[in-house]
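Work through the following exercises with the sequence and the model open side by side, and try each task before reading its solution.

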Amino acid sequence: MEFGTAEYQMRIRKTKAKMTEKGIEVLLITDPANINYLSGYDAWSFYVHQMLVIIDDEDQPLWIGREQDANGAKLTTWLFHENIFPYPDEYVQSTIKHPMDYVAEILEQIGQNKRSIGVEMENYYFSAKCYERLKIGLPNATFKDASLLVNWVRLIKSNKEIEFMKRAAKIAELSMLKGIERIDVGIRECDVAAEIFHTQIKGTKEFGGDYPAIVPLLPSGERTSTPHLTWTDDPYETGDIVTLELAGCYKRYHSPLARTVSIGKPAEKVQALSDIVVEGLNNCLTMIKPGIACEEIEDTFRKTIAKIGATKESRLGYAMGLNYPPDWGEHTASIRKGDKTILQPNMTFHLIPGIWLDQYGFEASESIVITENGCETLASLPRELFIKDGFLKSIS
């Protein structure tokens, strides 16, 4: 349990207020980040069904999960042990029984089977089968879509959460520097990825790292025309462009970072693209402050890159922080046209103005926290295109 009981109770109160707004009396949470946020539970057990149950008139949530994971709940959460309900292993990946059958039985036993129940419909961890079995097991309940309810509560971080993200940012810096240092002619992409992984987990002398929600993304050459490729076992060649997107992670809190490397002198078109993207990123960082809308940031970047005729159709960034695979984003506010979410202090975003063209691309990103008067980058590294020509010239 990484936070004091008082902070978890405050998070529960905010969640219950959102539940009241939506007419939800019982909230079933299956997103592992939301389970962690409200209970402290932290284990690699999200490959099987697990749940946190918030009941409007109960002080503590209920944890429901696999029997062999129950001790993990006792060790990592602030919950009373009697609020931990393990289901037998016969429910695991069975064609006869389903964990949601067990959940329905528990809710009926404690008199919650006729209430308004919210479920996270838009969720990697809540399947169509889950929903169908709950409806069969709780025929007298009214089900409501509670997608992202807790995610929006998570949008504004506590000071301790920000502290964790700053630690993650330090790990991100070290991991990025290690990747840039190792990229060179004849070095295999997989060997660079291995060095990055090692640094992400090792962390610093003061604190270690955690596994990030996304693996390092390391496309090179023409593969930089798209952002979400990982690595191959091919060696780098002179003239390759390499984009690196990775994150430091500390206690499940992330700080993503992206940079781009040129092995040798870059083509003029690559240099021009990198210059305008960095200019747009810098302009955004200068204008960001509380009280403006997310879409205003996107407008600033769009107007900057228009000077060379460039466009960007994908979003410019998103809220992020606490998470588990497969994503470090919170799925709430996005920095894009039409998003009128108003910035407030202690919101955190990954601002990633990458541009991917038909045969090459460029990325330079920053994780930021909104402050009282502007914004602060969590990491501190040069944003310009890193050029490697025998040695790393641009890092000095």
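**Exercise 1. Determine the strand order of the five-strand open sheet, and state which strands form its edges.**

Solution. In this predicted model, the order across the sheet reads S10-S9-S11-S14-S15, and the pairing is antiparallel. The next step is to look for strands that pair on one side only, and these are strand S10, residues 329-335, and strand S15, residues 375-377. Neighbouring strands of this sheet are turned against each other by 35° on average, when direction is ignored.

**Exercise 2. Describe how S9 and S10 pair, and find what lies across S10.**

Solution. Begin with strand S9, residues 317-320, which pairs with S10 in the antiparallel sense over three bridges. Within this part of the sheet, Met320 stands opposite Gly329 in S10. Then turn to helix H10, residues 294-305, which lies across both S10 and strand S11 (348-351) and runs at about 60° to S10.

**Exercise 3. Characterise the open sheet of three strands, and explain why S7 and S16 each have one side without a neighbour in the sheet.**

Solution. The order is S7-S8-S16, and the pairing is mixed. Strand S7 (241-250) and strand S16 (386-388) stand at the edges with a single partner strand each, so one side of each is left without a neighbour in the sheet. From one strand to the next, the twist averages 35°. For the parallel part of the pairing, consider strand S8, residues 253-263, which pairs with S16 in that sense over three bridges, and note that Ser262 stands opposite Ile387 in S16.

**Exercise 4. Find how many cavities of 30 Å³ or more the structure holds, and describe the lining of the largest cavity.**

Solution. At this cut-off the structure holds one cavity, and about 50 Å³ of space lies in the largest cavity. Its lining consists of Glu298, Phe301, Arg302, Ile305, Lys312, Ser314, Arg315 and Leu316. Sorted by class, these lining residues comprise three nonpolar, one polar and four charged residues.

**Exercise 5. Count the secondary structure elements of the protein, and judge its compactness from the radius of gyration.**

Solution. The count comes to 10 helices and 16 strands. The radius of gyration is 23 Å, which is close to the 21 Å that the globule rule gives for 396 residues, so the protein is as compact as a globular protein of that length. As a further description of overall extent, the C-alpha trace spans about 70 × 45 × 40 Å along its principal axes.

How values were computed. Residues numbered from 1 in each chain as written. Predicted model: local features only at pLDDT ≥ 70, side-chain atom pairs only at ≥ 80, totals over all residues. Heavy atoms only, no water. 1 Å grid on protein atoms, 1.4 Å probe; cavity = no way out; pocket = protein on both sides within 12 Å on 5 of 7 lines; lining within 4 Å. Points joined across faces, edges and corners; volume = space filled by probe spheres on them. Nonpolar A, V, L, I, M, F, W, Y, C, P; charged D, E, K, R; others polar. Pairing = 2+ DSSP bridges. Helix = DSSP H or I, 4+ residues; strand = E, 2+ residues; numbered from the N terminus. Axes fitted to C-alpha atoms, helices over the stretch in contact; angles between N-to-C directions. Contact = heavy atoms within 4.5 Å. Rg over C-alpha atoms; globule rule 2.2 N^0.38 Å.
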